[in-house]
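Biologist: Got a minute to go through this model with me? I'd like to start with the surface.

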Amino acid sequence: MDGKPCVEECPLPPPPGMKTSTFGIIGMMCASCVGTVEEAIRELPGIEDVSVNLTTERARVVYDPSKVTPERIAKAVEEAGYQVAVSEVTMSIGGMACATCAQAIESSLMDLDGVYSASVNLATERVTVRYNPDSVTLPAIKAAIIDAGYSILESETVDTEMAARERERKRQLALLVFSLALSVPIMLLMLGFDLLGLGTALGLSQQVQNLLLFVMATPVQFIAGYQFYVGTYRALLNRRANMDTLIAIGSSAAYIYSVAVTFLPDVLHLSHHTYFDTSAMIISLILFGKYLEAKAKGRTSEAIRKLVDLQARTARVVRDGVEVEVPVEDVAVGDTFIVRPGEKIATDGMVLEGESAVDESMLTGESVPVDKAPGATVIGGSINRNGALKVRAEKVGKDTALSQIIRLVEDAQASKAPIQRYADSVSAWFVPAVIAIAVAAFAVWYLYLFDALGVDGDRFIFSLIIFISVLVISCPCALGLATPTAIMVGSGKGAENGILVKNGGALETAGKVTTVVFDKTGTLTRGEPEVTDIVTFGASEGELLLMAAAAERGSEHPLGEAIVRRASHEGIAVPEAERFGAVTGKGIRSAVQGREVLIGNRALMESDGIDIGQAEEALESLEKAGKTAMIVSIDGRVAGVIGVADVLKETSVRAVQELRGMGIDVIMLTGDNRRTAAVIAAQTGIENFIAEVLPENKVQEVARLQGEGRIVAMVGDGINDAPALAQADVGIAIGSGTDVAMETGDIVLIRSDLLDVVAAIQLSRRTMTKIRQNLFWALGYNTAGIPIAAGVLFPFFGILLNPIVAAGAMALSSVSVVSNAALLKRYTPEIKREEN
């Protein structure tokens, strides 16, 4: 087996020597725009993979840095007619003396991958840097300046991407208001002129009425509608057709016909009725739909904004014994900072002093605050509830758990699920097909059906209305947005619950899983042995535990450590052993408080001639239960038997029950012997298990299951089980804590709770349901709408679709798809609802 099928759209780690960069794209309108940008980038040399997401408006590019640069990629996007969003920072620099200093700083900055431009003004001693924040961080830029031998006095960061998007939003809103301010009066005037005789009442001739409407409609057509013409021009330059093309042709057809009626009615022998209201309202309704769509898309991307908002802005760093408040970007590894009650923890670190409860719910999904004491780790962005903490910074910047989580969610949202390949393939020929249908419908009605059905009125106008309606009712946007909007909301919802989905392919495949394979140690079980049984013969339980713990105190064996932990938990003061010695393969010999203590197996006792007859029943009972039984003898007599086992996690049994209830086969994979494996399997309710599997053979076992036609999810710790996780159709790394980006696996669970495996599958299934609903609506809308617009109902019911109604339906179709995906925000996996 070659492992899981390679899905081109999933953001897999870049091959050796390759780099990955993400670019914000401004100006994309529909799925055809996505194809244009992807094609423009893909034509560059050294491009390994490119994935553009319409919903997030971002491009993820894997490329060979020896053949192409981020600057060249950005230029290719701009040449295709779109904008690349960048960030900008201006800093005051200390230590510059001459033009050579300016050149040195500029050179140092331009050497950084992701810096587009660096301009130093020697007179003001300031440098302005334009850069891609997905490729290079602000601390890295500052470090480059400092490494060049200069100091940074102050900095001012401008989020130009956010500013550009905000400007675009305001521009679109202004155009919408402008368009409606003229389109609505045009519509009312047309109704007044046609139905109420308003023109005659005001003494206006037909020519004057048309001129008035022309004056009002022209600004709408060429100011509010300018972007559609520009979009069409760009698309044609790239040998494509897009939504802009449909709107431009449709509205222009109505406008140009109306202009001809206004100025050349007698020359062209046209009727005196114009359609300026149609051309203006088409543009207004499309702009209105785009505005609603943008607002709905904003709701779908709330998850990322919430994560970004979790980041602390400042930190109280202790320097030279004094607390200094500094920007969080200036905190370095090893710095000590203070966190007061109610404040956010600045960055990942270890508690040095203080005790408190910390709310990590926004990061892990764990609703109960976690107690922290000296030696505990804390996550940047979590909230300190009550006590003050002194923390040493362990990870900063892009290495923190929160930064890694944000990057994983962004990558997932930028990726494409395999199901989107279908939508993309349809979108590629959709617009040309619609134009062909519109032309064909016009020709059929004009040349044949108009006369055949005895239609009243003007043949050309009737056919023109059908032509325009077909163009403007078609909606490639709904098709292009159907999948990415749901992926965006689904991955964001997962992050809220401590479930990090690395790519859209994993989110899709998880819902199709037929078999879940659990590693035993550390996954189903806690991963460290615990004392489960204490059987005594003559001695008290406390005495037996004291002597055994003292004897094992110097041992590094996990079983011995389990005994010492149990004694500490019982509050027993464990004395030092006078003598300690390990007997390989058998146990230990020790002297405690002048008494000879042996702990081990039958072989150890037999070698010292100790009779274990009375302990045989207890030994057999514990061993049948899959536990390790250790005999304790004191001064040559058996004093008791201690049973030790790696116990199940609290949620293991419930998780297995839930998975089986969902129709999923559950299999346990372990290196333990069959008897121990059978006991654990029975305790968890797992019917199928594979025992005595060496770590390196887990891959083969997963591959064998795949060979049986199963879709396999492997659940393991992400490090020891990395090859098996990579082999599975979906690898789920559990209990990763703060090292989320280090894990192998398509889905990373921050907590070590197996119920999150259930939640991940439930979330995947719900997300895929939304995607199917969206695709059904998008395809169903176009499948039904285009024939209706083409006039198929007219011969039977006399119904002919008005182009204005068609434009309104087209605008609302995209909004409905995005809004439907946004409903996922209200969804909580069923298992989580039961927990709460």
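Modeller: Sure. The accessible surface of the chain is about 35200 Å², and 56% of that belongs to carbon and sulfur atoms. Those areas come from the Shrake-Rupley method with a 1.4 Å probe; for residues, only the protein chains shown count as cover.

Biologist: Okay, and what should I know about the source?

Modeller: This is a predicted model, so local features need pLDDT of at least 70 and side-chain atom pairs count only at pLDDT 80 or more, while totals for chains, interfaces and linings use all residues. Residues are numbered from 1 along each chain as its sequence is written, and side-chain values use heavy atoms, with hydrogens and water left out.

Biologist: What percentage of the residues in the chain is buried?

Modeller: Buried residues are 54% of the 836 in the chain. Buried means under 20% relative accessible area, exposed means over 50%, and partly exposed is in between (1.4 Å probe, protein chains only).

Biologist: How many helices and strands does the chain have?

Modeller: There are 31 helices and 30 strands. They're DSSP runs numbered from the N terminus: helices are H or I with at least four residues, strands are E with at least two.

Biologist: Let's pick one helix. Which residues of helix 23 are buried?

Modeller: In helix 23 (residues 616–624), those are Ala-618, Leu-619, Leu-622 and Glu-623. They fall within an arc of 125° seen down the helix axis, so they line one face of helix 23. That arc is taken from the directions from the helix axis to the C-beta atoms.

Biologist: And what's on the other side of helix 23?

Modeller: Glu-617 and Lys-624 are exposed there.

Biologist: What covers the buried residues of helix 23?

Modeller: The cover includes strand 20 (530–536), helix 22 (602–607), strand 24, strand 25 and helix 25 (674–684). Contact here means heavy atoms within 4.5 Å.

Biologist: Switching to backbone: where does Asp-635 sit?

Modeller: Asp-635 is in the loop between strand 24 (628–634) and strand 25 (637–645). Its phi is positive, near 55°, in a residue other than glycine. With a relative accessible area of 43%, Asp-635 is partly exposed.

Biologist: Now Gln-593: buried or exposed?

Modeller: Gln-593 counts as exposed, at 51% relative accessibility. Gln-593 is not a glycine, yet it has a positive phi of about 50°, and it lies in the loop between strand 22 (587–592) and strand 23 (595–600).
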